[in-house]
Amino acid sequence: MKTTPITLRPLAVLLLTVTLSGWQACNKTGVDPYEGEASVYFELADKWETMPDSLVYTFYSRGEQTAAKKTVELRVSLLGNPVSYDRQVAVELDSALSADENAARPGVHFEPLPATVTLPAEAFETVIPVTFLYTEELDTREKKLGIYLRANDDFSLKLPGRDHIRLHISNMAIRPVYWGNNTSLPFTHFGAYSAVKQRTIEEVLEVFFPTPKKSTGARATSGRYGALT
C-alpha cells in the first residue's frame with residue numbers, strides 16, 4: 001500500500017499568514033492616543049474605585065505626639081499625554097469651610113499652600129505638599145481643610161468627584177479598626193471604644209495600638225487614616 005507523506009509546510013504558511021494579518025489589523029485598528037484637552041485629578045487610593053472623599057491624619061502615635069509639624073503629599077495624576085515642557089496645576093482652598101469653627105487656618109494649623117504645583121516635562125503625576133502644624137488645640141479638637149484642583153490654561157477638569165479632597169487633622173488617637181470588630185483576647189475585655197480609654201491603656205499598661213493606615217467610618221467614606229510619623 002502506497003502512503004502519501006504528510007508535510008507541515010502548508011500549515012506553517014497558513015499560520016504565518018494569519019498571524020501577519022492579525023498583526024496588521026491590530027496595527028491599523030489599535031488604541032488611538034489620547035485626544036482632547038489635558039486634565040488632572042486626585043489619585044489618593046490604591047484602587048480606582050475607592051477614591052476617598054476624606055483623609056484623616058493625626059500627630060498622635062504610640063502614646064505621644066510625634067512632631068511639631070509633618071508633611072503629607074497628595075498625588076495628582078495626568079489624564080492626557082505628557083509634553084516636553086513643565087505645566088502648572090492650579091490649587092485652591094475650599095472657601096465653603098471658611099465659616100466653619102473647626103476649619104484649619106493657614107499659618108496656624110497648616111502652612112499656606114502654593115497657588116500652583118508643577119507637573120514636570122514628560123511626567124504623568126506630581127504632588128501637592130501639605131504641611132500640618134501642631135497646636136495644643138489639636139489635642140481635643142479635629143480641624144479640617146478642603147483642597148480643590150482648578151482649571152487653568154494648562155489643564156481642564158474632566159473627572160467630577162476627583163477634583164477635591166477634604167483633610168482632617170488632630171493629635172487624638174484614632175480607633176483601631178479591630179477594636180470592636182475582633183472577638184479574640186484582649187479586645188473583648190476593652191469594651192466600647194473611646195480615645196480616653198485608648199490613651200489610658202497605652203500610658204498605664206504600655207500597650208500600644210498601631211495607628212490604622214486605612215479604614216472606613218462615619219467621618220470619611222473609604223477614607224484613609226494615618227499617623228504623621
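Two strands are taken to pair here if DSSP finds at least two bridges between them, and with that in mind I would like to walk you through this model, which is a predicted one. By that criterion β1 and strand β5, residues 69-79, pair in the antiparallel sense, over four bridges. One of the contacts to look for is at Ser-39, whose bridge partner in β5 is Leu-79.

Let me place that pairing in its sheet. The sheet is an open one of three strands, in the order β1-β5-β8, and the pairing is antiparallel. Because β1, residues 39-42, and β8 each have a single partner strand, they stand at the edges, and one side of each is left without a neighbour in the sheet. From one strand to the next, the twist averages 30°.

I turn now to another pair of strands, where strand β6, residues 87-93, pairs with β7 in the antiparallel sense, again over four bridges. Within that pairing, Val-117 in β7 is the bridge partner of Val-89. In a regular strand the side chains alternate between the two faces of the sheet. Looking at β7 itself, residues 116-119, we find Val-117 and Leu-119 on a covered face, whereas Thr-116 and Thr-118 make up an uncovered one.

Next, the aromatic residues: how many aromatic pairs does a search of the whole structure find? The search finds two. One of them is formed by Tyr-57 and Phe-132, a tilted pair with 6.0 Å from centre to centre and 40° between the planes. Since Tyr-57 lies in strand β2, residues 54-58, and Phe-132 in strand β8, residues 125-133, this pair ties together parts that are 75 residues apart in sequence. Tyr-57 is buried, at a relative accessible area of 13%, and Phe-132 also counts as buried, with 0% relative accessibility.

The other pair, Phe-59 with Tyr-134, is edge-to-face, with 5.9 Å from centre to centre and 75° between the planes. Here Phe-59 lies in the loop between β2 and β3, and Tyr-134 in the loop between β8 and β9, so this pair, too, ties together parts that are 75 residues apart in sequence. As for exposure, Phe-59 is buried, with a relative accessible area of 0%, whereas Tyr-134, at 23% relative accessibility, counts as partly exposed, because the cut-off for buried is under 20%.

Finally, there is a contact between a charge and a ring to point out, in which the charged end of Arg-150 sits over the ring of Tyr-148, 4.5 Å from its centre.

Technical notes
Residues numbered from 1 in each chain as written. Predicted model: local features only at pLDDT ≥ 70, side-chain atom pairs only at ≥ 80, totals over all residues. Heavy atoms only, no water. Buried < 20%, exposed > 50% of the residue type's maximum accessible area, 1.4 Å probe, protein only. Helix = DSSP H or I, 4+ residues; strand = E, 2+ residues; numbered from the N terminus. Phe/Tyr/Trp six-rings, centres within 6.5 Å; stacked < 30°, edge-to-face > 60°. Lys NZ or Arg CZ within 6 Å of the ring centre and 35° of its normal. Axes fitted to C-alpha atoms, helices over the stretch in contact; angles between N-to-C directions.
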